[in-house]
Amino acid sequence: MDVLTTAILEAVRNQEQPTKTVLSSLLAIQDAMGYIPKQSMEVVASEVPDTTVNDVWSVASFYPNFKFEPRSECTVEICWGPTCHIAGAMGIFDEALNLLGLQSEGKTSDGSVELDFNTCLGACAQAPVISVNHHLIGRVTKNSLKDAIEKSN
Ligand code: FES
């Protein structure tokens, strides 16, 4: 068994809850590795009873937050949920695209920063909200967005 497959298997088997589901296993893999390598589908299918590789792909492909390629060193999430939208998220969103030289979600040309949109980062009272390397920043402005990206990169 190769090193990557061993790491995936460990992530699945080391879950704390007694019942391991396809979803909990995929979350455990993404938490442990930052993304879900393609080999995960077979590992999860073999570890979760009565589950096929197709079952695992069905769950994995349903949730947009699952990533199937290694993440950039710096990840930036812009919330564009309803509360953040009302609080000016579109201006933050446009500024992030401008600062990173992107047309939409994805990685910068050098691969160092990855931008994602999120439908709610769970801190609506602090809208507009972004996350930089999983650190939430509320009441973000164009200036604080620029500072946060520069400091993290
Ligand atoms: S809508 Fe943006 S944090 Fe909830």
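User: How far apart do the C-alpha centres of domain 1 and domain 2 lie?
Analyst: This is a predicted model, in which local features need pLDDT (the predictor's confidence in each residue, from 0 to 100) of at least 70 and side-chain atom pairs count only at pLDDT 80 or more, while totals for chains, interfaces and linings use all residues. Residues are numbered from 1 along each chain as its sequence is written. The domain assignment (bounds from an automatic or database assignment) gives domain 1 as 3-62 and domain 2 as 74-152. The separation of their C-alpha centres is 29 Å.

User: Which element of the chain has the lowest mean pLDDT?
Analyst: Over the chain the mean pLDDT is 94, and 99% of the residues reach 70 or more. Among the elements, helix 3 (residues 40-47) has the highest mean, 97. The lowest, 90, belongs to helix 7.

User: In what sequence do the elements run from the N terminus on?
Analyst: Helices (H or I, at least four residues) and strands (E, at least two) are DSSP runs, numbered from the N terminus. The chain has seven helices and five strands. Their succession is α-α-α-α-β-α-α-β-β-β-β-α.

User: What share of the 153 residues in the chain is buried?
Analyst: A residue counts as buried if 20 or more other C-beta atoms, placed from the backbone, lie within 10 Å of its own, as exposed if 12 or fewer do, and as partly exposed in between. The C-alpha trace spans about 50 × 30 × 25 Å along its principal axes. Of the 153 residues, the buried share is 26%.

User: What is the order of the strands in the sheet?
Analyst: The five strands form an open sheet with mixed pairing, where two strands pair if DSSP finds at least two bridges between them. Strand 2 (106-107) and strand 5 (135-137) each have a single partner strand, so one side of each has no neighbour in the sheet. The order is 2-3-1-4-5.

User: Over how many bridges do strand 1 and strand 3 pair?
Analyst: Strand 1 also pairs with strand 4, in the antiparallel sense over three bridges, with Ile78 bridged to Ile130. Towards strand 3, Cys74 stands opposite Val113, and Cys79 has Asn118 as its bridge partner. The pairing of strand 1 and strand 3 is parallel, and its bridges number six.

User: Which residue in strand 3 stands opposite Gly106?
Analyst: Strand 2 and strand 3 (residues 113-118) are antiparallel and share two bridges. They form a hairpin with five residues between them, and Gly111 in the turn has a positive phi of about 75 degrees. Lys107 faces Glu114 in strand 3. Opposite Gly106 stands Leu115.

User: What angle does the direction of helix 6 make with that of strand 1?
Analyst: Helix 6 (residues 89-100) packs on the sheet, touching strand 1 (74-79), strand 3 and strand 4 (130-132). Angles run from 0 to 180 degrees between N-to-C directions, with axes fitted to C-alpha atoms, for helices over the stretch in contact (C-beta atoms, placed from the backbone, within 7 Å). The angle between helix 6 and strand 1 is about 155 degrees.

User: Which helix gives the most to the largest nonpolar core?
Analyst: A nonpolar core is a set of buried Ala, Val, Leu, Ile, Met, Phe, Trp, Tyr and Cys residues joined through C-beta atoms within 7 Å. The largest has 20 residues, of which Ile78, Ile92, Ala96 and Ile130 touch the most other members. Strand 1, helix 6, strand 3, strand 4 and helix 7 each supply at least two residues of this core. With five residues, the main contributor is helix 6.

User: How many residues make up the other core?
Analyst: In the largest core, Ile78 touches the most other members together with Ile92, Ala96 and Ile130. Leaving aside neighbours within four places in sequence, the contacts of Ile78 include Ala89, Phe93, Leu115 and Phe117. Apart from this core lies another, with Leu26, Ile29, Val48 and Ala60 among its members, and its residue count is 13.

User: Does Ser112 count as buried, exposed or partly exposed?
Analyst: Ser112 lies in the loop between strand 2 and strand 3. Its C-alpha atom is 35 Å from that of Ser46, 66 residues away along the chain. Ser112 has 13 C-beta neighbours inside 10 Å, so its class is partly exposed.

Conventions
Two residues are in contact if their C-beta atoms, placed from the backbone, lie within 7 Å.
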